[in-house]
Amino acid sequence: MFEIDKIRRDFPMLERTNEGKPLIYLDNGATTLKPDCVIAAVNNYYQNITSNIHRGDYHLAYLADQAYQQAREVVADFINCQSKEVVFTYGTTHGLNQIAYGYGIKNLKKDDEILITVAEHASNILPWYRLAQLTGAKVRFIPLDEKGKITVENVKLALNERVKIVSLTHGSNVLGYISDIKAIAAAVHEAGAILVVDGAQSVPHIKTDVKELDCDFLVFSGHKMGGPTAVGVMYGKYQLLEKMEPLLLGGGMNYRFDIAGQMLFKDAPDRFEAGTPGIEAVLGLKAAIQYLQNIGMDKIALYEKQLKDYAVSEMKKLDNIIIYNPEPDIGIISFNITDQGRVLFGQDVAAYLSKHGLCLRSGNHCAKNLWHHLGTDSTIRCSLYFYNTKKEIDKLIEVLKTATLESCIDVIF
Amino acid sequence: MNSLKDNPILKREIIMDHYENPRNNQLIDDENYRKIHLYSSSCLDDIQLQVLISQGVIADVRFEGIACAVATAAASIMSELIKGRSISQAEEIIENYFSMIAQKDYDEQLLKEAVVFEGIGRQVNRVNCATLSWKGLKQLLDEDEKR
């Protein structure tokens, strides 16, 4: 039994409006709403235990430090790793930059290869482009299949002895496909490379076990799973974390340094957490994970699957829609609306939806390399989370039925 | 003209017409044109604008790109309005357009069809769309003055 009404009461934003209409939030791929317990955890840090971590010279600082380290254990339990393999970052982007720079710069040389796909988010492309510029390594793209999926077969075909890093999304932010990471990891390891997994769109929605996936790195963001912004996680197998240079140097990550330029860094994970982190965000993330665990990731995944299936089947009934991924694995549906055969510009439609309280994003969703594959410049994206309902989908369908060039233009007056 | 502001059906028709049949919607390969490539930071709008200035007059305005209905219509209307004007006239029109967008006083007569965007200032997330090409034009004219 999925107690949707009870769950919805945990999210204060669901009581709010958008343009004067009850909020229907369907942009969960961008960020998610926060439950009370997360807001309370953030507040608790500010109201009761404000102090910096790493330097517990007084009791209050000890309390903050303890809460921060407990969060690491909660994350470790959530993804099934050791707590020393959990590095707190500012988000997925930070994690990917850390890996590309920190691991890549030390372990790649000229003519080595990095494999990615066109379905990756900008944050899983640009750091590799820079790594290629810095090292002389090459970025190559693994072809997607005709549906836009990353397949094990295509990964295998792209692998060769020059490939050192494969970096793939677990859940595509535009097409909502889940890649078979376990099988891909086996193929990548057999070829002697490491596998980096962008879990930004998967970890919030499906149970994630890094031991079972056997990926070498996994990165994700707190704010896409009910947690605060500006906190994320970089998991890395410990022996790989030991081989990685920190991207950021500064306080909290070193044991000592001297006037001659000598530096001695701490071990992972502290080595990768220079500067004062978002302590309240880490504590909020801990609350978010505990909240998800209380409901149960399996239940969340099942509910979202049922909701996604309902949304897709209702959307397919519309005669003014093009769906680019009619069979997504997770609740991400990319589409455009047509008027007399002509595709309406996504932003015009999104502005029309907004007038009815519906929050959906239009655009290229930071996956600018994917569009040639899809045959369009941009889409409107409906992305679901476990607090969404069939009733909200019904409202979306009702409004989409009335979307025309005229109605989209009328909302600007 | 006075009635256009208060006639949403006519305003919609004008925007649709300029969106579906944009004027001056082809770039030209001519070095005498000043060029600017405009991107919106908040959406996909991506417009290239070309202006030919000859003896203090804006002899030609052209644009091309991928943009929403508001941005496309705004660029098309702007191109028609500005073409053939002296630089000082164009500057006056630009100033009035931005006053209108900012919900301040402006001269309706000068803006002609561009008054269809009179209410866009209330749709803050669409202001960028309605001003992208106009900002580009202003930048080109400002650069021209510095020469």
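Is α4(A) mostly covered or mostly exposed, and how many of its 16 residues are buried? I started my notebook with that one. The helix is mostly covered, with 12 of the 16 residues buried. Before going on, I noted that this is a predicted model.

**Entry 1: helix α4 of chain A**

I listed the buried residues of α4(A). Among them are Thr92(A), Thr93(A) and His94(A) at the start of my list, then Leu96(A), Ile99(A) and Tyr103(A). Three glycines are on it too: Gly95(A), Gly102(A) and Gly104(A).

Next I checked the length of α4(A), which covers residues 92-107. At 1.5 Å a residue, its 16 residues should span 22 Å, and the end C-alpha atoms are 21 Å apart, so the two agree.

**Entry 2: strand β4 of chain A**

Which residues of β4(A) are buried on each side? I found Val86(A) and Phe88(A) buried on one side, and Val87(A) and Thr89(A) buried on the other. That means both faces of this strand, residues 86-89, are covered. I remembered a rule that fits here: in a regular strand the side chains alternate between the two faces of the sheet.

Then I looked for the partner. β4(A) is joined by four bridges to β10(A), residues 232-236, and the two run antiparallel. For Val87(A), the bridge partner in β10(A) is Met234(A).

**Entry 3: chain A as a whole**

I counted 15 helices and 18 strands in chain A. Its C-alpha trace spans about 70 × 55 × 40 Å along the principal axes. The radius of gyration is 22 Å, and a compact globule with 413 residues would be near 22 Å, so chain A agrees with that. Of those 413 residues, 48% count as buried. I also looked at contacts with a separation of 6 or more: in chain A, 71% of them are between residues 24 or more positions apart.

**Entry 4: chain B as a whole**

How many helices and strands does chain B have? I got five helices and three strands. Starting from the N terminus, they come in the order α-β-β-β-α-α-α-α. The radius of gyration is 14 Å, close to the 15 Å from the globule rule for 147 residues, so chain B is as compact as a globular protein of that length. The C-alpha atoms fill a box of roughly 40 × 30 × 25 Å. Buried residues make up 39% of the chain. For contacts in chain B with a separation of 6 or more, 59% are between residues 24 or more positions apart.

**Entry 5: the sheet of chain B**

I traced an open sheet of three strands, in the order β1-β2-β3 (chain B), with antiparallel pairing. β1(B) (34-39) and β3(B) (57-66) are the edge strands, each pairing on one side only. On average, neighbouring strands are turned by 15° against each other, direction ignored.

β2(B), residues 46-54, is joined to β3(B) by nine bridges. I picked out one residue to follow: Leu52(B) stands opposite Asp60(B) in β3(B). Helix α5(B), residues 127-146, lies across β1, β2 and β3 of chain B, at about 145° to β1(B).

**Entry 6: where the chains touch**

Last, I looked at the contacts between the chains. I found 15 residues of chain B in contact with 15 residues of chain A. On the chain B side, α1 (8-20) and α2 (69-82) each supply at least two residues. α1(B) gives the most, with five residues. What kinds of residues make up this side of chain B? They divide into 10 nonpolar, two polar and three charged.

Technical notes:
Residues numbered from 1 in each chain as written. Chains lettered and ligands numbered in written order. Predicted model: local features only at pLDDT ≥ 70, side-chain atom pairs only at ≥ 80, totals over all residues. Contact = placed C-beta atoms within 7 Å. Nonpolar A, V, L, I, M, F, W, Y, C, P; charged D, E, K, R; others polar. Pairing = 2+ DSSP bridges. Axes fitted to C-alpha atoms, helices over the stretch in contact; angles between N-to-C directions. Rg over C-alpha atoms; globule rule 2.2 N^0.38 Å. Buried ≥ 20, exposed ≤ 12 C-beta atoms within 10 Å, placed from the backbone. Expected span 1.5 Å × (residues − 1).
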